[in-house]
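Biologist: I am new to this structure. Please take me through one part of it, the surroundings of the ligand, in a single connected answer.

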Amino acid sequence: MTDGYNISDDQIALLEKLPDPVLLIKRNGQIRFANQSASRLFGCSGQDMLARSVDKILSVKSRKNIKQILDDFCEKSDEDFVEKIDLTALKPDDSEFPVNVSIVYLSSSKDLVLLNIRDISTQTRVENELVRKNHLLNFAEEIVSIGHWQWDLITNDVIWSDNLFKIFGRDDKGVLNYDTYFSYVHPDDVAFVSERVQSIIADKKFYHFYHKILREDGEVKLIHLKGKVFKNEEGEVIEMIGTCQDVTEREKNEKLIRRVSILEAKSKEMEQFAYIASHDLRHPLLTIINYIKAFDEDFGNKVPKEAMNYLNAISNSANRMNKLIKGLLGYARLSSKKERVKVDCNKLVKAVLRDIDSTIKRTGAKVQVGELPVLKGYEIELQQLFQNLLVNALKFKKPDVKPEIEISAKTLAPDSYSFAVKDNGIGIAKKYDEKIFVIFKRLHDESKFEGTGIGLANCKKIVEIHHGTIWVESKLGEGSVFHFTINPE
Ligand code: ADP
């Protein structure tokens with residue numbers, strides 16, 4: 001089978017024993033020898049293999065390539081040259097698998113070449129898996145704004161992950177070393193970082209740390225470095241690996257949260273103050289009101305009329321003050337401490353409409369209620385919210401125009417709803433959009449529209465304890481729509 005090619009029987013015997021599949025083929029692709037490993041790999045006896053061309057054991061695409069490869073090899077190569085090439089081979093069931101083929105001359109004849117074929121299915125699978133895992137790692141790093149790094153202290157070579165280049169805003173992916181990293185350290189932190197790196201090396205222990213970097217585009221970022229040191233047999237640090245997280249946004253958010261919690265604490269303090277003040281003020285005020293009453297009953301007919309007018313003015317003011325203090329007390333008492341319960345807003349609004357039925361009838365109002373949700377909330381407070389908005393919609397009506405009110409709701413997300421209470425009343429000028437929700441803020445004289453200016457402040461607080469927001473859309477003289485949202489706990 002290898003006659004005329006100067007190949008000895010010993011060489012053939014040796015090839016036969018090789019663990020790797022080996023073929024001897026002619027330049028035209030005809031197989032002249034296949035060892036046992038090759039027969040096993042291609043599921044065909046050595047004799048059967050001889051009848052074939054190398055084409056038969058390669059995929060269609062690789063068949064095209066092998067012709068050219070063999071020609072080029074035979075044309076150009078000297079006797080010691082080894083060509084290595086990746087091809088796709090065929091199993092007896094025609095399934096494809098990747099192989100790495102080394103081509104060499106075995107004899108001096110340039111018409112016969114040896115193909116050493118290695119099945120690289122496992123290697124390819126592992127490589128593909130590695131590439132896939134690397135993609136996943138890059139993706140995960142991008143999501144959490146983390147990069148990873150490696151620093152060889154012997155060679156001073158540094159390796160960065162793709163996302164670390166992004167965090168540092170560096171496009172040049174060429175050779176990196178420690179100085180490259182250090183050139184990004186913000187001038188404010190240079191001394192700190194250099195001292196920290198020295199202590200890590202001296203103590204052979206990685207202390208995580210934060211510092212600012214100054215990117216080439218001028219952006220300043222705060223990064224958090226965590227790592228691990230590797231030592232040689234003498235106990236010297238020879239390598240460090242670790243992560244670097246961009247915590248700029250997190251730091252900003254934490255600052256904001258700290259500010260919000262200070263504000264919350266301050267507002268709690270104010271609420272407590274309002275509660276104590278209003279609670280304590282009511283007692284002397286009630287005493288004044290009672291004495292005015294007693295004075296009127298006992299001496300009302302004995303003092304001049306003018307004195308009685310003064311007394312009536314004092315009485316009116318004291319009663320109004322009592323109303324305001326009662327309102328303030330109610331406002332201060334509103335809180336989200338209790339547990340939420342299931343509230344059917346359809347039933348709740350019906351109950352409110354029953355309570356204000358006489359006003360509806362007196363004003364000749366038309367009230368339309370759409371389909372409302374069943375949600376988890378604070379029932380009494382929600383009732384108060386709808387009542388305040390409806391009472392206002394009836395109260396701030398245009399003279400001689402019958403109030404027309406619409407209540408509707410939309411689902412924004414699971415357990416999140418938005419409501420709207422629309423009226424055709426006097427409307428509100430744009431500049432008062434936000435002011436009307438401030439406690440005691442009123443836009444009209446008491447003689448025109450009576451009230452305390454507490455209703456909408458209460459509404460705002462009720463919406464806020466339901467994690468929602470309230471706002472108004474209105475134009476002076478063109479009615480108003482009060483919107484509010486209710487969100488889950
Ligand atoms: P009050 O109703 O006791 O005056 P509120 O806090 O309920 O207090 O309302 C604050 C102010 O907002 C009202 O005095 C009024 O000027 C304005 N306002 C509230 N609701 C409406 C409405 N539906 N249409 C026009 N103006 C309104």
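**Around the ligand**

Modeller: Helix H13 gives the largest share of the shell around the ligand, with three residues. Keep in mind that this is a predicted model. H13 runs over 379-395. It is joined by helix H14 (455-465) and strand S18 (480-486), and each of these three elements supplies at least two residues of the shell.

Now take the shell as a whole. It holds 21 residues. The closest include Asn392, Asp423 and Arg442. Gly453 and Leu456 are also among the closest. By character, nine residues of the shell are nonpolar, eight are polar and four are charged.

Next come the backbone contacts. Gly453 places a backbone N or O atom 2.9 Å from an oxygen atom of the ligand. For Thr452, a backbone N or O atom is 3.0 Å from a ligand oxygen. Leu443 has a polar backbone atom 3.4 Å from an oxygen atom of the ligand. How much of the ligand's accessible area does the protein cover? On its own, the ligand has 530 Å² of accessible area, and the protein covers 98% of it. The space that the ligand takes is the largest pocket.

Last, the wider setting. The domain assignment lists domain 1 (9-119), domain 2 (127-246), domain 3 (254-333) and domain 4 (341-486). Between the C-alpha centres of domain 1 and domain 2 there are 47 Å.

Notes: Residues are numbered from 1 along each chain as its sequence is written. This is a predicted model: local features need pLDDT of at least 70, side-chain atom pairs count only at pLDDT 80 or more; totals for chains, interfaces and linings use all residues. Side-chain values use heavy atoms; hydrogens and water are left out. Domain bounds come from an automatic or database domain assignment. A residue is near a molecule or strand if one of its heavy atoms lies within 4 Å of it. A polar contact is a pair of N or O atoms within 3.5 Å; within protein, one must be able to donate a hydrogen and the other to accept it, and residues adjacent in sequence count only if both atoms are side-chain atoms. Accessible areas come from the Shrake-Rupley method with a 1.4 Å probe; for residues, only the protein chains shown count as cover. On a 1 Å grid over the protein atoms alone, a cavity is a set of points where a 1.4 Å probe fits but cannot get out, and a pocket is an open set with protein on both sides within 12 Å along at least five of seven lines; lining residues have an atom within 4 Å of a point. A molecule sits in a cavity or pocket if more than half of its atoms lie within 2 Å of its grid points. Helices (H or I, at least four residues) and strands (E, at least two) are DSSP runs, numbered from the N terminus. Ala, Val, Leu, Ile, Met, Phe, Trp, Tyr, Cys and Pro count as nonpolar, Asp, Glu, Lys and Arg as charged, and the others, Gly among them, as polar.
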